[in-house]
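Me: Please take a close look at one part of this structure, the aromatic rings and the loop that feeds into them, and then walk outward from there to the backbone around it. I would like one connected account rather than a list.

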Amino acid sequence: LAIKNGKAVLCEKSMAPNDTIAKEIFDAAKEANVLVVHGVWSRFFPAMQKVRQIIDSGEIGEIRSARASFCQNDGAGSCSALLETGIYCAQFLQWVLEDKDVSGSPIVRGAAKTIHESGNDEHVTAIIEFPSKKIGSFECSLAHCSDRSATIYGSGGVIEIPFPFWCPTTVKVTKMTGLGSQKWSEPELYEFPLPADIVALKTEDADASSPGFNFCNSQG
């Protein structure tokens, strides 16, 4: 409706239940000549820009695989875990492992899920092969907890992104060399604190205000 009326659209995740409907949205936007963007903001954080810099510099060698975990005991059955938290894992793997110079699409080589009595998936795990022969894996759930971190593995070391990896403030780099990659360098830590001076938004009630901005939940 917004697109048909010539309005730009910022679409919250997940954009659509499947790729067919997502394509319809983009086709409609192209025809109407309006902007449509997906509200997954992870890669715009300064910490993620540092990760990209480290990857492109070859500091940890050739990137071969990555993993991400986003499990929280909150809302099982109310919606799809894959579309609620799994989207952050999938976009992270795509951003890290996709090679624009290599044609083809990622292929899911293995997956498992458990279904809530509501019919929605509550726990999903998958292994994805990218055309550049890189492998990604992820786990998402709305029924149990995980450390909600991500790791990138290269031929010469690893990049660790601790909780909350989808809006990160810390990047840890450890280089590994020698026989069996058993010679570890002193880890390098990069800190990117989130803004602490965000002012709470005013509401229609002059005596009340919103609780400010929650970066982890993108609420404000």
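Reply: What follows begins with the ring pairs, moves to the loop that carries one of them, and ends with the backbone elsewhere in the chain.

The model is a predicted one, and every value below is computed from its atoms. Counting ring pairs whose centres lie within 6.5 Å, one arrives at eight aromatic pairs. One of them joins Trp 41 and Phe 45, whose ring centres are 4.9 Å apart and whose planes meet at 85°, so this pair is edge-to-face, given that angles over 60 degrees fall in that class. The two partners are not equally covered: Trp 41 is partly exposed, because its relative accessible area of 22% is not under the 20% that marks a buried residue, whereas Phe 45, at 7%, is buried.

Another of the pairs has the other geometry, for the rings of Phe 70 and Trp 166 have their centres 4.1 Å apart with planes at 15°, and since this angle is under 30 degrees the pair is stacked. What parts of the chain does this pair link? Phe 70 belongs to strand 3 (residues 63–71), while Trp 166 sits in the loop between strand 8 (157–161) and strand 9 (170–177), so that the contact joins distant parts of the chain, 96 residues apart. Both Phe 70 and Trp 166 are buried, and for Trp 166 the relative accessibility is 4%. The pair also belongs to a wider arrangement, in which ring pairs link Phe 70, Tyr 88, Phe 92, Phe 163, Phe 165 and Trp 166 into a cluster. A further link in space concerns Trp 166 and Gln 91, which are 75 residues apart along the chain but have their C-alpha atoms separated by 9.7 Å.

The loop that holds Trp 166, between strand 8 and strand 9, has a backbone feature of its own. Pro 164 lies in this loop, and the peptide bond that leads from Phe 163 to Pro 164 is cis, with omega near -5°. This deserves a remark, because most peptide bonds are trans and most residues other than glycine have a negative phi.

The second half of that remark bears on several other residues. Arg 148, in the loop between strand 6 (135–141) and strand 7 (150–154), is not a glycine and yet has a positive phi of about 55°. Ser 181, in the loop between strand 9 and strand 10 (183–184), likewise has a positive phi, near 50°, and with a relative accessibility of 35% it counts as partly exposed. Asn 33 takes a positive phi of about 60° just after helix 1, and that helix, residues 19–32, spans 20 Å from its first C-alpha to its last over 14 residues, close to the 20 Å expected.

A glycine appears in the turn of a hairpin formed by strand 4 and strand 5, where five residues stand between the strands and Gly 119 has a positive phi of about 105°. Strand 4 (residues 107–115) and strand 5 (residues 121–129) pair in the antiparallel sense over eight bridges, and the bridge partner of Ala 111 is Ala 126 in strand 5.

To return to the rings, one contact involves a charge: the charged end of Arg 52 sits over the ring of Trp 95, 4.4 Å from its centre.

Methods. Residues numbered from 1 in each chain as written. Predicted model: local features only at pLDDT ≥ 70, side-chain atom pairs only at ≥ 80, totals over all residues. Heavy atoms only, no water. Helix = DSSP H or I, 4+ residues; strand = E, 2+ residues; numbered from the N terminus. Expected span 1.5 Å × (residues − 1). Phe/Tyr/Trp six-rings, centres within 6.5 Å; stacked < 30°, edge-to-face > 60°. Buried < 20%, exposed > 50% of the residue type's maximum accessible area, 1.4 Å probe, protein only. Lys NZ or Arg CZ within 6 Å of the ring centre and 35° of its normal. Pairing = 2+ DSSP bridges.
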